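Here is a friendly walk through one protein structure. Have a look at the sequence and the fold, and then read on.

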Amino acid sequence: MKVPKARKCRICKKRFKPLTLYEWWCCEKHRDELATKLAAEAKQKRIQQQEKNRKKEAQQERQSLKVRKLALKPDNYFKKQAQDAFNQFIRLRDHGQPCISCGETNPPDLHGGQWDCGHFKTVGGFPELRFVEKNAYRQCKSCNAGSAKHGAKAATVAQRYEQELVLRFGQDLVDWLNGPHEMTHYRRDDFIRIRDEYRAKCRELTKKMEQSL
Ligand SMILES: [Zn+2]
Ligand SMILES: [Zn+2]
């Protein structure tokens with residue numbers, strides 16, 4: 001490379017004639033100024049990079065802490081997350097439908113809400129149907145609380161649930177639900193997969209509902 005005839009001083013921007021290819025200053029004073037300026041810039045850059053690295057490390061630390069914390073969680077933790085997501089989906093799917101058992105469309109607000117996801121074949125008695133959509137419908141909190149217990153109310157709720165299923169979907173569905181069914185053997189990964197699947201379905205349904213408003 002040839003030394004150019006003239007170039008602009010990096011400090012004062014005046015044109016000067018450099019003696020070497022690497023000379024970017026018009027005078028000694030501006031050489032020193034430029035050296036100081038470049039050193040300050042380099043330092044600033046180093047600080048920024050250090051800051052960036054620190055943030056990245058902190059982020060990685062948080063992430064690995066999260067992973068370790070999740071690894072310590074029992075399977076039941078993910079089972080509950082999966083069930084919550086599934087139940088939420090059922091409530092969204094049946095939005096606008098009356099209670100499957102009592103037909104109520106505006107039930108009283110009991111302990112933080114009006115609606116539950118009620119399983120026809122209970123989660124406790126028939127765990128193999130806990131994530132079967134055909135086995136779960138929007139149910140008012142009062143009926144859902146009743147069906148969890150034994151006694152007269154539970155029997156009535158279950159009976160009316162069954163009658164409503166026959167009306168809405170036919171006897172075949174009820175016969176199928178009454179089973180027998182193959183036992184499922186869900187593991188941790190299954191719960192996580194089901195949870196994510198139903199969370200996605202909930203997001204999709206919510207979006208659709210918002211769009212149709
Ligand atoms: Zn200069
Ligand atoms: Zn009800």
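A salt bridge is counted when a side-chain nitrogen of Lys or Arg lies within 4 Å of a carboxyl oxygen of Asp or Glu. By this rule the structure has 13 salt bridges. This is a predicted model, where local features need pLDDT of at least 70, side-chain atom pairs count only at pLDDT 80 or more, and totals for chains, interfaces and linings use all residues. Residues are numbered from 1 along each chain as its sequence is written, chains are lettered from A and ligands numbered from 1 in the order in which they are written, and side-chain values use heavy atoms, with hydrogens and water left out.

**Some salt bridges**

Three of the pairs are set out here, with the N to O distance for each.

| Pair | Distance, N to O |
|---|---|
| Lys29 and Glu33 | 3.8 Å |
| Lys201 and Glu133 | 2.6 Å |
| Glu164 and Arg168 | 3.0 Å |

Two more definitions help in reading these pairs. Helices (H or I, at least four residues) and strands (E, at least two) are DSSP runs, numbered from the N terminus. A residue is called buried under 20% relative accessible area, exposed over 50% and partly exposed in between, using a 1.4 Å probe and protein chains only.

Lys29 and Glu33 both sit in helix 1, four residues apart, which is about one turn of the helix. Lys29 is exposed, because its relative accessible area is 58%, while Glu33, with 34%, is partly exposed. Glu164 and Arg168 are likewise separated by about one helical turn, because they are four residues apart in helix 4 (residues 152-169). Both ends of this bridge are partly exposed: Glu164 has a relative accessibility of 23%, and Arg168 has a relative accessible area of 24%. As background, an α-helix has 3.6 residues a turn, so residues three or four places apart point the same way.

The side chains of Lys201 and Glu133 also meet in a salt bridge. That pair links distant parts of the chain, with Lys201 in helix 6 and Glu133 in the loop between strand 3 and strand 4, 68 residues apart. Lys201 counts as partly exposed because its relative accessibility is 27%, and Glu133 is partly exposed at 24%. Elsewhere, Asp190, Arg193 and Glu197 are linked in a network of salt bridges.

**A buried arginine**

What does Arg130 touch, not counting residues up to four places away in sequence? With contact meaning heavy atoms within 4.5 Å, its partners are Lys79, Gln83, Phe86, His119, Val123 and Tyr186. Arg130 belongs to the loop between strand 3 (115-119) and strand 4 (136-140). Although buried, Arg130 has no salt bridge, and the nearest side chain of opposite charge, Glu128, is 8.2 Å away. In that statement Lys and Arg count as positive and Asp and Glu as negative, with His and the chain ends not counted. The side chains of Arg130 and Gln83 do share a polar contact of 2.6 Å.

**Strand 3 and its neighbours**

All five of the five residues in strand 3 are buried. Trp115, Cys117 and His119 are covered on one side, and Asp116 and Gly118 on the other. In a regular strand the side chains alternate between the two faces of the sheet. Strand 3 pairs with strand 4 in the antiparallel sense over five bridges, where pairing requires DSSP to find at least two bridges between the strands. Gly118 stands opposite Tyr137 in strand 4.

**Two helices**

Helix 2 (75-93) comes before the loop that leads to strand 3. The buried residues of helix 2 include Phe78, Gln83, Phe86 and Ile90. They pack against helix 1 (28-72), strand 3, strand 4 and helix 6 (188-211). Among the buried residues of helix 6 are Asp190, Phe191 and Tyr198, and what covers the buried residues of helix 6 includes helix 2.

**Details in the loops**

His111 lies in the loop between helix 2 and strand 3 and is exposed, with a relative accessible area of 66%. A cis peptide bond, with omega about 10°, joins Gly179 and Pro180, and Pro180 is in the loop between helix 5 (171-178) and helix 6. Lys13 has a phi near 70°, a positive value in a residue other than glycine.

Definitions and conventions: Polar contact = N/O pair within 3.5 Å; in protein donor to acceptor, adjacent residues only side chain to side chain.
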